[in-house]
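Welcome, and please take a moment to turn the model around on your screen before reading on. The paragraphs below are meant to be read with the structure in view.

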Protein chains: 2
Amino acid sequence: MSIQKLPGKIPTVRQSRGELQRPPIDKKEPGARRLRVMEAKKEVIHQAALEIFSQYGFYGSSLDQIANLADISKTNLLYYFGSKEELYLSVLKRLLHIWLEPLLNFTADQEPLQAIREYLRIKIQYSRNHPKASRLFCFEVMHGAPLLKDELEGALRELVTQKAVVIRHWIAAGRLAPVDPYHLIFSMWATTQHYADYAVQIQAILGKDLTDDEFLEEATANIQKIILNGIAPR
Amino acid sequence: MSIQKLPGKIPTVRQSRGELQRPPIDKKEPGARRLRVMEAKKEVIHQAALEIFSQYGFYGSSLDQIANLADISKTNLLYYFGSKEELYLSVLKRLLHIWLEPLLNFTADQEPLQAIREYLRIKIQYSRNHPKASRLFCFEVMHGAPLLKDELEGALRELVTQKAVVIRHWIAAGRLAPVDPYHLIFSMWATTQHYADYAVQIQAILGKDLTDDEFLEEATANIQKIILNGIAPR
DNA sequence: GTCTATAATATGATAGAC
DNA sequence: GTCTATCATATTATAGAC
């Protein structure tokens, strides 16, 4: 099988829980410490799950892989998250707000070209800072988005519809060339997310990715140039 | 489990192999007929495999699902393709040439804006006609392209490098605005493939996809407008 | 070529001791 | 909370009859 899974165990720093460890200062209430420890562990599991899920998808990932990466036992993992699906959903939900966020500060009172330039910059930085999140999202959508469909048809659709109105106003005011707002938004999503979702392909062609600061600047500048020239009023 | 797999069996037209069936005319050599029947069956399996693999990825798909869709037994499927991976690879290889093809007729002797306009049209039509292929490709790349890496770093890289040279010549001749050729190519890929890979999201937002001829025209026109304006010489 | 077992394994999930 | 079995199932792949 040349499609290999992850190496059995990656070297992780195991937090020693020796007796010397001091109880934290802000002990607000009984059990607060324990609660925080649990939350921290959940966070570690989340990280590991994102890593694995984003690479292999839901079906291709096993709880064993995730548990190994988080350096706990599978049973223990299932103590924190009752089932594989519960864990997956928990990870997905976390990503959603990150996903919707950049579109929020995209308001009518801004200078259109400046707003779009800034949006592209933020989106591509999101592709650099959260490439796994982007890929997991892509996986989910390609699966038919069984778990996100409600969100897509609800919150996302609503948000995009609003922003389309903003764009239309800009066009009506002659501050933007007449393009369909939806296709413009899709183009912006596509060009920026491409650098995360197809990172392996870009790496194969150019030997670079967005972790290279210079390449990040280059990509940002070029996308901005193409799209901003593309929709500047003439 | 709300991530449901495919319904057990989709109604497929089962080719009756009754005695009335006439042997085909072009019986070139002994066994030719049998060979053709086998090839036809392989083709059916390919179709089914693409359908399933493109939706659930390699790990998420089972031979049972594929066999059901192809209306044969799993054992029989394994008679034609020795293993799951062999089948997967066979499907992937078929797609590769389709994937590289459009970039081929992109030559220096053409009028640049016309060539790019045409390329965008072809690529988005490819997204309409082969959405599953596009998604399977995306799956594979997101998995880290273990099976395609050689092709990506070889044939694809080579091809893209050549086309980048063509674009640079156009720019040097002042027939195109100065943009980085690679980022331009990535932008063209991204915007056109987005309509296949993220079809479910677009469907959630607009209720349309590329099978709608009007929407296809709309998408094509807008992408062309944005990118062609974006890189037109000024 | 196609079928019926069946082997061999991976994996999600639970029970119960500590 | 964490661990050691252990169950139950899904799934790839093979053996061998017809």
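What follows is a short walk through a predicted model, going from the DNA strands to the packing of helices.

Let's begin with DNA strand C. Which residues come nearest to it? Of the 17 residues around DNA strand C, the nearest are A:K84, B:M38, B:K41, B:S73 and B:Y80, so you will find both chain A and chain B in that list. On the DNA side, sugar and phosphate make up 61% of the strand C atoms that come within 4 Å of the protein.

Some individual contacts are worth finding on strand C. In the side chain of B:K41, an N or O atom is 2.6 Å from a phosphate oxygen of DNA strand C. B:R34 also reaches a phosphate oxygen of this strand, with a side-chain N or O atom at 3.4 Å. For a contact with a base, look at A:K74: a polar atom of its side chain lies 3.1 Å from a base nitrogen of DNA strand C.

Now step back to the helices behind these residues. At least two residues of the surface near DNA strand C come from each of α3 (74–80) of chain A, α1 (32–60) of chain B and α3 (74–80) of chain B. The biggest share belongs to α3(B), which gives 4 residues. Sorted by class, the surface near strand C holds 5 nonpolar, 7 polar and 5 charged residues.

Next, move over to DNA strand D. Here 18 residues lie around the strand, and those that come nearest are A:M38, A:K41, A:Y80, B:K74 and B:K84. Of the strand D atoms within 4 Å of the protein, 62% are from sugar or phosphate, and bases supply the rest.

Three contacts give a feel for this strand. A polar side-chain atom of A:K41 sits 2.7 Å from a phosphate oxygen of DNA strand D. With B:K84 it is a backbone N or O atom that lies 2.7 Å from a phosphate oxygen of the strand. A:T75 turns to a base instead, with a polar side-chain atom 3.4 Å from a base oxygen of DNA strand D.

Which helix gives the most to the surface near DNA strand D? That is α3(A), with 4 residues. Along with α3(A), both α1 (32–60) of chain A and α3 of chain B supply at least two residues each. The surface near strand D divides into 5 nonpolar, 8 polar and 5 charged residues.

Let's leave the DNA and look at how helices pack. Two packed helices are described by the angle between their axes and by the distance between those axes. In chain A, helix α4 (residues 84–104) and helix α5 (residues 112–129) pack at about 165°, and their axes are 9 Å apart. Because of that angle, α4(A) is roughly antiparallel to α5(A). On the α4(A) side, the contact is made by A:I98, A:W99, A:P102 and A:L103, and on the α5(A) side by A:Y119, A:I122, A:K123 and A:Y126. This contact has 7 nonpolar residues, no polar ones and 1 charged residue. The crossing of α4(A) and α5(A) is right-handed.

A second pair in chain A is helix α6 (residues 131–142) with helix α8 (residues 181–197), whose axes come within 8 Å and cross at roughly 105°. That angle is why α6(A) counts as roughly perpendicular to α8(A). Here A:P131, A:S134, A:R135 and A:C138 of α6(A) meet A:Q193, A:A196 and A:D197 of α8(A). By class, this contact has 3 nonpolar, 2 polar and 2 charged residues.

Technical notes: Residues are numbered from 1 along each chain as its sequence is written. Chains are lettered from A and ligands numbered from 1 in the order in which they are written. This is a predicted model: local features need pLDDT of at least 70, side-chain atom pairs count only at pLDDT 80 or more; totals for chains, interfaces and linings use all residues. Side-chain values use heavy atoms; hydrogens and water are left out. Axes are lines fitted to C-alpha atoms, for helices over the stretch in contact, and angles run from 0 to 180 degrees between N-to-C directions. Angles under 35 degrees count as roughly parallel, over 145 as roughly antiparallel, 65 to 115 as roughly perpendicular and the rest as oblique. A crossing is left-handed if the near helix is turned anticlockwise from the far one by less than a right angle, and right-handed if clockwise. Contact means heavy atoms within 4.5 Å. Ala, Val, Leu, Ile, Met, Phe, Trp, Tyr, Cys and Pro count as nonpolar, Asp, Glu, Lys and Arg as charged, and the others, Gly among them, as polar. A polar contact is a pair of N or O atoms within 3.5 Å; within protein, one must be able to donate a hydrogen and the other to accept it, and residues adjacent in sequence count only if both atoms are side-chain atoms.
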